[in-house]
Amino acid sequence: MYPTLLSSTTIGNYAISNKVVMAPTLTKVHVPAGIPNDVMVNYYSQRAKAGLIIAEGTGPAENGMGHAHMPGIYSKDQIAGWKKVTKAVHENGGRIFLQIMHTGRISHPANMPAKTDIIAPSAVPAKGEIWTEQHGWQPYVTPRAMTTSEVQKMVQQYVKAATQAIAAGFDGVELHAAHGYLMDQFLHPDTNQRTDKYGGSIHNRVRFILETVAAVSHAIGKDRTGIRLSPYSQVNDLQHYHEIDATYEFLADALDTYRLSYIHLLTEPATPATLIAGIRSRFGGTLILNGDYDAIRAEQTVLNGLADLIAFENPCVSSPLTGKFEMTSSEPLKKPNYACANC
Ligand SMILES: Cc1cc2nc3c(=O)[nH]c(=O)nc-3n(C[C@H](O)[C@H](O)[C@H](O)COP(=O)(O)O)c2cc1C
């Protein structure tokens with residue numbers, strides 16, 4: 001079953017055994033001080049049969065740790081914790097990238113180290129509430145707008161995080177520019193109301209992402225750098241705006257010039273097929289699609305050349321990928337209603 005999806009391929013310079021990607025998914029285990037623990041070693045190593053694992057959103061700095069139970073990649077102990085994860089995945093024959101996720105305004109002080117500022121492109125709070133371990137659901141707070149020099153320093157924080165991810169044994173990093181987190185907050189005109197060179201036109205709103213892409217890929221290699229985008233997502237209080245397609249087409253053109261390893265594109269909620277095809281035609285690297293795929297649709301999508309790899313959350317999260325499940329089962333990979341094993 002699924003001969004195309006389950007056949008080997010390459011991503012960047014890496015050979016991978018199939019075209020199934022485990023989507024980044026916060027394991028939500030207790031990680032005091034953001035240090036990955038043995039539950040995570042077990043969790044990720046059990047899933048090493050996916051062609052590529054993208055490990056969960058991980059903070060590049062203390063002020064990017066806005067969610068409860070997020071791991072980090074800025075302290076020595078965090079690097080040591082991740083080393084155990086990558087070693088176990090590699091011993092089981094897998095490949096693993098780390099997703100670097102700065103939460104920006106999608107943060108709460110109770111989730112972060114004491115006296116940490118919540119920062120964002122502009123002082124625009126998200127509507128709604130965020131989970132905290134100490135006080136349950138809490139309204140979002142108003143973030144402090146980053147100064148221009150803080151934006152430039154943030155680029156270097158991503159570089160440091162990416163370099164430390166490689167030191168921790170990851171095969172590469174995925175920059176999280178989706179779902180309304182910091183990078184996405186720069187892209188979106190509602191959350192980016194800046195008047196400096198990082199705000200206003202499309203050209204300016206993509207600048208922070210492109211400067212980070214350039215600096216990270218220079219530091220660790222373009223083959224080891226990917227990016228996640230979610231043009232039509234309304235997660236974390238994002239509204240649709242009239243320049244969505246133009247923004248992402250511009251970005252895809254620019255990312256192509258950096259020859260990044262991959263774009264990981266979230267297509268739910270419904271993303272116009274013309275935009276997906278436009279990104280595909282503009283970007284010469286690997287295209288990973290994610291968004292409510294089952295194995296049948298994934299097989300057809302890859303077979304028809306619309307994507308190179310397909311990412312799944314549900315089946316990867318809910319059950320380890322066993323040889324039986326992957327290679328001989330005729331069941332679709334997607335199993336709705338499965339509970340997350342670790343949430
Ligand atoms: C519990 C949970 C945690 C998640 N954590 C992350 C994350 O850290 N980074 C990210 O980019 N997406 C995250 N996601 C989104 C998933 O990667 C994925 O895009 C989404 O669940 C849709 O996948 P599916 O259509 O295969 O179910 C998370 C989703 C869930 C359910």
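The exercises below, each with a worked solution, concern the barrel, the helices around it and two single residues in a predicted model.

Residues are numbered from 1 along each chain as its sequence is written, and side-chain values use heavy atoms, with hydrogens and water left out. Because the model is predicted, local features need pLDDT of at least 70 and side-chain atom pairs count only at pLDDT 80 or more, while totals for chains, interfaces and linings use all residues.

**Exercise 1. The barrel**

Determine in which order the strands close into a barrel, and where strand 3 finds its partner in strand 14.

Step 1. Helices (H or I, at least four residues) and strands (E, at least two) are DSSP runs, numbered from the N terminus, and two strands pair if DSSP finds at least two bridges between them.

Step 2. With these terms, eight strands form a closed barrel in the order 3-4-5-10-11-12-13-14, with parallel pairing. Neighbouring strands of this sheet are turned against each other by 25° on average, direction ignored; axes here are lines fitted to C-alpha atoms, for helices over the stretch in contact, and angles run from 0 to 180 degrees between N-to-C directions.

Step 3. Three bridges link strand 3 (residues 20-22) with strand 14 (residues 309-312) in the parallel sense, and Val20 has Ile310 in strand 14 as its bridge partner.

**Exercise 2. Strand 12 and its surroundings**

Work out which strands pair with strand 12, which helices connect them, and whether the faces of strand 12 are covered or not.

Step 1. On one side, strand 11 (residues 225-229) runs parallel to strand 12 and is joined to strand 12 by four bridges; within this pair, Arg228 stands opposite His264. On strand 13 (residues 286-290), the pairing with strand 12 is also parallel and extends over five bridges, with Asn290 as the bridge partner of Leu266.

Step 2. Strand 11, helix 7 (residues 244-258) and strand 12 form a right-handed β-α-β unit, and a right-handed β-α-β unit is likewise made by strand 12, helix 8 (residues 273-282) and strand 13. A crossover is right-handed if, with the strands pointing away from the viewer, the path from the first strand over the helix to the second runs clockwise.

Step 3. In a regular strand the side chains alternate between the two faces of the sheet. In strand 12 (residues 262-266), five of its five residues are buried, where buried means under 20% relative accessible area, exposed over 50% and partly exposed in between (1.4 Å probe, protein chains only). Tyr262, His264 and Leu266 are on one side, Ile263 and Leu265 are on the other, and both faces are covered.

**Exercise 3. Helix against helix**

Describe how helix 6 packs on helix 7 and on helix 3, giving angles, axis distances and the residues that meet.

Step 1. Helix 6 (residues 207-220) and helix 7 pack at about 15°, with axes 10 Å apart. Helix 6 is therefore roughly parallel to helix 7, since angles under 35 degrees count as roughly parallel, over 145 as roughly antiparallel, 65 to 115 as roughly perpendicular and the rest as oblique.

Step 2. Their crossing is right-handed; a crossing is left-handed if the near helix is turned anticlockwise from the far one by less than a right angle, and right-handed if clockwise. Helix 6 contributes Ile209, Leu210, Val213 and Ala214 to the contact, and helix 7 contributes Leu251, Ala254, Leu255 and Tyr258, contact meaning heavy atoms within 4.5 Å.

Step 3. Helix 3 (residues 148-167) packs on helix 6 at an angle of about 35°, with the axes 9 Å apart, and this crossing is right-handed. Among the residues that meet are Val151, Met154 and Tyr158 in helix 3 and Phe208, Glu211 and Thr212 in helix 6.

**Exercise 4. Two single residues**

Locate Gln164 and Leu187, and decide whether each is buried or exposed.

Step 1. Gln164 belongs to helix 3 and counts as buried at 16% relative accessibility. Not counting residues up to four places away in sequence, Gln164 touches Ile73, Tyr74 and Ile79.

Step 2. Leu187 lies in helix 4 (residues 182-187) and, at 0% relative accessibility, counts as buried. With residues up to four places away in sequence left out, the contacts of Leu187 include Ile209, Thr247 and Leu251.
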